[in-house]
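Trainee: Got a minute to go through this one with me?
Mentor: Sure. Put it up and ask away.
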Amino acid sequence: MAISTKLMMRQGQALVMTPQLLQAIKLLQFSNLELAAFLHDELERNPLLEAHEGDGGVDAADPSQGGEPSAAEPFEGPQEGDWAQQDLAVDSATLSADLGADMSNAFEPEGPSIGERARDEAPDGAGLSATSWTGAAGGGPADGEAPNLEAYVADRQSLHEHLAEQLALACPDPRHRIIGQSIIDAIDESGYLRESLGEIAARLEADMAEAEHILATIQTFDPSGVGARDLAECLAIQLKERDRYDPAMQAFVANLPLVARRDFAQLAKLCGVDDEDIADMAAELRRLEPKPGRAFGGAPIQPLVADVIVRAASDGAWHVELNADALPRVLVNHSYAAQVSAVATGPTDKSFISSCLQNANWLTKSLEQRARTILRVASEIVRLQDAFLTHGVEHLRPLNLRTVADAIGMHESTVSRVTSNKYMMTPRGVFELKYFFSASIATTSGAAAHSAEAVRFRIKQMIDRETPDGILSDDAIVERLKASDIEIARRTVAKYRDSLRIPSSVDRRRAKLAQARMTAH
């Protein structure tokens, strides 16, 4: 077969992902925080976009609503007759005439005014100047910017900063401070040393014994238990400071897996004490802090903002609306676009303005489409899960993406993007939209299937109602569920129980017996 170059014409269909389409897809799967960060970057890049603080809603991104926002009038400083520009008369004769009162004994003898004395007594560059409050334009500080109030808010000290301050006092030797600072840097937010001490010593070319000595010094710092390499060492440090680390407690801490399983009978044999002492040691252990660094916190927790709000209507239906706080509004400033287009002369300037205007219009349309899509998907979820909103988790229906997509005429991938990182506020709490999608579990009678989340809730209810003499095994739970017309396998029950972090029936029986024994003591 000969190899040659040919020109061929072929007709076909293909999906072309334009930049605008890619942007719309990306906006659809953004959470409200990611969307706010994206819009902040777009506002900095595009001069024709501007943020608008106002009432939200489905049409918050409609460019036709904010095409020509009114421009704010510039502040021109104090005008004629402004009190800030007038000299205040403070002599007693003038005030007596104006007020009709004798002011001879109300003021000091005539002399320089308070402001003049302050200017005379203050050194160069100190004190308040004439523009300290009004600024160059009379409306702010001298640099023209408003004071930053956040600069005066007290900053919360981190765990590393707290430990570094104590290290500077405990280790006067610079070499020890360097090793100690490296150890502190390897401590995580919970207060545990996560890096091997040998690796730290090898990296700094320090002696292992010296590193151990400095680590022991850091472990005496506040908070108690900081710098431990595992939970047992953390608890041991705190017990030593309380003078409670006797041989029996040492054996108790060395067998934490038995403590977790509440195998107090085996612990009593290992520690050589009776059941009453074991109960006291367990109570002492519960008073300790397993995460010493927790008091200093970590990264600031961002409050959850729901994207959709569901309220009960007066007629028994459900009212679904978008949360205005989760819909940042951006508007296209057509007035400014017309002004800069009129003065643009070169082709480069005109191309830049045209591109910015096109991107701004497309962004506002994409935001509007995003809001409407979220509202449509959320409304369909509420329609299908109305029994959950009325009666609770037990009435949650099995639901998948295809059911919602077919009902609203969209693709499954679109519904999947909409439900990612989006939250719905309901009378029963705030739930992620994906929470309402769960697998179906068949019934023994062939009736409507049950939701996996509802079955998981029933299993939790059964276990919560257990008594020490009536612990349910997984097989017993299966039989009870079958009696409730739920066909489920034993391994599925075990999987749901593990997802709820519920121990096995043996561990639950041991824990309840230990709790009853401690209550009796």
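Mentor: One term before we start: a crossing is called right-handed if the near helix is turned clockwise from the far one by less than a right angle, and left-handed if anticlockwise. Also keep in mind that this is a predicted model.

Trainee: Okay. How many helices and strands are in the chain?
Mentor: The chain has 22 helices and eight strands.

Trainee: And what share of the residues is buried?
Mentor: Buried residues account for 35% of the 521 in the chain.

Trainee: What about contacts between residues far apart in sequence, what percentage join residues at least 24 apart?
Mentor: Take contacts between residues at least 6 apart in sequence. Of these, 62% join residues at least 24 apart.

Trainee: Let's use that handedness term. How do H5 and H6 cross, left-handed or right-handed?
Mentor: Right-handed. H5 covers residues 159-170 and H6 covers residues 174-185. Their axes come within 10 Å and cross at roughly 160°.

Trainee: So are they roughly parallel or roughly antiparallel?
Mentor: Roughly antiparallel, because the crossing angle is over 145 degrees.

Trainee: Which residues meet there?
Mentor: From H5, His160, Leu163, Ala164, Leu167 and Ala168. They meet Arg177, Gly180, Gln181, Ile184 and Asp185 of H6.

Trainee: How does that contact split by class?
Mentor: Five nonpolar residues, three polar and two charged.

Trainee: Switching to H20. Which of its residues are buried?
Mentor: H20 runs over residues 474-483, and its buried residues are Asp474, Ile477, Val478 and Leu481.

Trainee: Why do they count as being on the same side of H20?
Mentor: Because they cover an arc of only 105° around the axis.

Trainee: What do they pack against?
Mentor: Two helices: H19, at 452-464, and H21, at 490-499.

Trainee: And on the other side of H20, which residues are exposed?
Mentor: Glu479 and Ala483 are exposed there.

Trainee: What happens just after H20?
Mentor: Look at Asp485. Its phi is positive, about 70°.

Trainee: Last topic, Gln23. Which helix holds Gln23?
Mentor: H1, which spans residues 19-28.

Trainee: Is Gln23 buried or exposed?
Mentor: Buried. Its relative accessibility is 17%, and the cut-off for buried is under 20%, so Gln23 qualifies.

Trainee: What does Gln23 touch?
Mentor: Leave out residues up to four places away in sequence. Then Gln23 touches Phe38, Trp362, Leu363 and Ser366.

Methods
Residues numbered from 1 in each chain as written. Predicted model: local features only at pLDDT ≥ 70, side-chain atom pairs only at ≥ 80, totals over all residues. Heavy atoms only, no water. Buried < 20%, exposed > 50% of the residue type's maximum accessible area, 1.4 Å probe, protein only. Helix = DSSP H or I, 4+ residues; strand = E, 2+ residues; numbered from the N terminus. Arc of directions from axis to C-beta. Contact = heavy atoms within 4.5 Å. Axes fitted to C-alpha atoms, helices over the stretch in contact; angles between N-to-C directions. Parallel < 35°, antiparallel > 145°, perpendicular 65-115°, else oblique. Nonpolar A, V, L, I, M, F, W, Y, C, P; charged D, E, K, R; others polar.
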